[in-house]
Amino acid sequence: MTSVTVRVPAKVNLQLSVGPPRDDGYHDLVNVFHAVSLFDEVTASGGPGGASTVAVEGESAGAVPLDGENLAVKAAHALAARAGRPLGARLLIRKAIPVAGGMAGGSADAAAALVACNELWGLGLSTRELMEIGADLGSDVPFALLGGTAVGTGRGEKLAPVAAAGRFHWVFALAEGGLSTAKVYAECDRLREAIGEQAGWPQPAELLMGALAAGDAQTLGKALVNDLQPAALMLCRPLARTLAAGRERGALGALVSGSGPTCAFLVESEAQASDLSIALDLSGVCRSLVTAYGPVPGATIVPAQR
Ligand code: C5P
């Protein structure tokens, strides 16, 4: 096999409940992940032998590191280390997921690189084994391998799939620039301390779980919650206007996606997603817009063209 291409989805968090900071610098979470139809593609080719390299094309490609800091390169190195062989690959990432946008684009690319290199190198590791390697690379990597809808606990890496009925439709408003996940968590802690709020132990929200099981978008829209949102709004003030614009134009629910700055709007149908996307574009409250639906599967090999 000379090359393998893997398609991997972005995520939005339907519930992101953040507990108190842990001794290791992370936070315990209840993180209801939902994979949506906005995909990066990673192609692995070449090898065996040598260090892995990466090139990036597409959405904000210039903002992606090309050195050993690249999460897809780290993934290839981690997989070669696990195999105990000097394996290398050339990675090409085609980005559609916003960079540092709160949609786990970097984690998605790491997950795709794990699946692509596992296949290219003929290692035969299971998804569960790739998820274990992925958890050391980033808290969101295991979910990018799993896809669908799932509750993440621990720092988000311990996953339990959730059966969601039907399909949910989304509009995503992409912002100028990105936000550092670590800075948004730190700002969340700072804000809580400033107002004397004690973070409780996070629990899955019953209303949200019921809405997912029933495929009830109206109720899901009311139940969406993100504890990182006040921090993201503090670090990126214009997002408040973006969220308000989506609510005023009929979104069932509006929230910052993960650590932001992408804003997510839940709507009733594909047609409404298209209408809201056009209306928000005209209102000029964000850099660009994409529509998507969820849930979709996690990182998947694209069959080779004949
Ligand atoms: O795991 P990942 O590398 O994606 O996390 C990036 C940063 O986000 C961490 O270094 C930490 O500051 C913050 N984080 C956290 N609690 C989590 C996940 C991430 O504080 N559960």
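Which residue forms a salt bridge with Lys-74? Select Lys-74 and Glu-69 together: Glu-69 is the partner, and the closest N and O atoms are 3.8 Å apart. Bear in mind on this tour that the model is predicted. Colour the two by accessibility and Lys-74 comes out partly exposed, with a relative accessible area of 32%, while Glu-69 is exposed at 53%. For another charged group, pick Arg-22, Asp-24 and Asp-28, which are joined into one network by salt bridges that share partners.

**More charges: Arg-94**

A search of the whole structure finds 13 salt bridges, and Arg-94 is a good place to look at two of them. Show its side chain along with Glu-41: the two meet in a salt bridge, 3.2 Å from N to O. This pair links distant parts of the chain, with Glu-41 in strand β2 and Arg-94 in strand β4 (residues 90–95), 53 residues apart. Now add Glu-57, which also forms a salt bridge with Arg-94, at 3.9 Å between the closest N and O atoms. Glu-57 comes from strand β3 (residues 53–58) and is 37 residues away from Arg-94 in the chain.

How buried or exposed are these three? Arg-94 has a relative accessible area of 31%, so it is partly exposed. Glu-41 is partly exposed too, at 26%, and so is Glu-57, at 41%.

**Rings**

Hide the charges and select the aromatics. The whole structure holds two aromatic pairs. Go to Phe-33 and Phe-143: their ring centres are 4.6 Å apart and their planes are at 10 degrees, so this pair is stacked. It is another link between distant parts of the chain, from Phe-33 in strand β2 (residues 27–45) to Phe-143 in helix α4 (residues 141–146), 110 residues apart. Both Phe-33 and Phe-143 are buried.

The other stop is Trp-170 with Phe-172, also a stacked pair, at 6.1 Å centre to centre and 15 degrees between the planes. Trp-170 and Phe-172 are both buried.

While rings are on screen, bring in two arginines. Arg-7 lies over the face of Phe-39, 3.8 Å from the ring centre. The charged end of Arg-155 sits over the ring of Tyr-26, at 5.1 Å from its centre.

**Ala-35 on strand β2**

Next, click on Ala-35, which is in strand β2. Its relative accessibility is 0%, so Ala-35 counts as buried. What surrounds Ala-35, once neighbours within four places in sequence are left aside? Its contacts include Pro-9, Ala-10 and Lys-11, then Phe-143, Gly-147 and Gly-148, and also Tyr-293, Gly-294, Pro-295 and Val-296. You have already met Phe-143 as the stacking partner of Phe-33. Try a distance label from Ala-35 to Lys-11: their C-alpha atoms are separated by 4.4 Å, although the two are 24 residues apart along the chain.

**Helix α3**

Move to helix α3 (residues 127–137) and show its buried residues: Leu-130, Met-131, Ile-133, Gly-134, Ala-135 and Leu-137. Which elements do they pack against? Turn on α1 (71–83), α2 (105–120), α4 and β6 (158–161) to see them.

Zoom in on Ile-133, a residue of helix α3. At 8% relative accessibility, Ile-133 counts as buried. Beyond its neighbours within four places in sequence, Ile-133 is in contact with Ala-78, Leu-79, Arg-82, Leu-114 and Leu-125. The C-alpha atoms of Ile-133 and Ala-78 are separated by 7.1 Å, with their positions 55 residues apart along the chain.

**Two domains and what lies between**

Finally, zoom out and give domain 1 (3–162) and domain 2 (168–294) a colour each. Their centres, taken over C-alpha atoms, are separated by 22 Å. The contact takes 32 residues from domain 1 and 38 residues from domain 2. Between them the domains bury about 2700 Å², with 64% of it on carbon and sulfur atoms.

Which residues of domain 1 lose the most area to domain 2? Select Leu-14, Leu-16 and Val-18; together they account for 21% of what that side buries.

Last selection: look for charges at this boundary. The rule finds one salt bridge across the interface of domain 1 and domain 2. Show Arg-287 and Glu-59 as well, whose side chains meet in a salt bridge at 2.7 Å, N to O.

Technical notes
Residues are numbered from 1 along each chain as its sequence is written. This is a predicted model: local features need pLDDT of at least 70, side-chain atom pairs count only at pLDDT 80 or more; totals for chains, interfaces and linings use all residues. Side-chain values use heavy atoms; hydrogens and water are left out. Rings of Phe, Tyr and Trp (its six-membered ring) pair if their centres lie within 6.5 Å; planes under 30 degrees apart count as stacked, over 60 as edge-to-face and the rest as tilted. Helices (H or I, at least four residues) and strands (E, at least two) are DSSP runs, numbered from the N terminus. Buried means under 20% relative accessible area, exposed over 50%, partly exposed in between (1.4 Å probe, protein chains only). A charge sits over a ring if NZ of Lys or CZ of Arg is within 6 Å of the ring centre and within 35 degrees of the ring normal. Domain bounds come from an automatic or database domain assignment. Contact means heavy atoms within 4.5 Å. Buried area is the accessible area (1.4 Å probe) that two parts lose on being put together, summed over both. A salt bridge is a side-chain nitrogen of Lys or Arg within 4 Å of a carboxyl oxygen of Asp or Glu.
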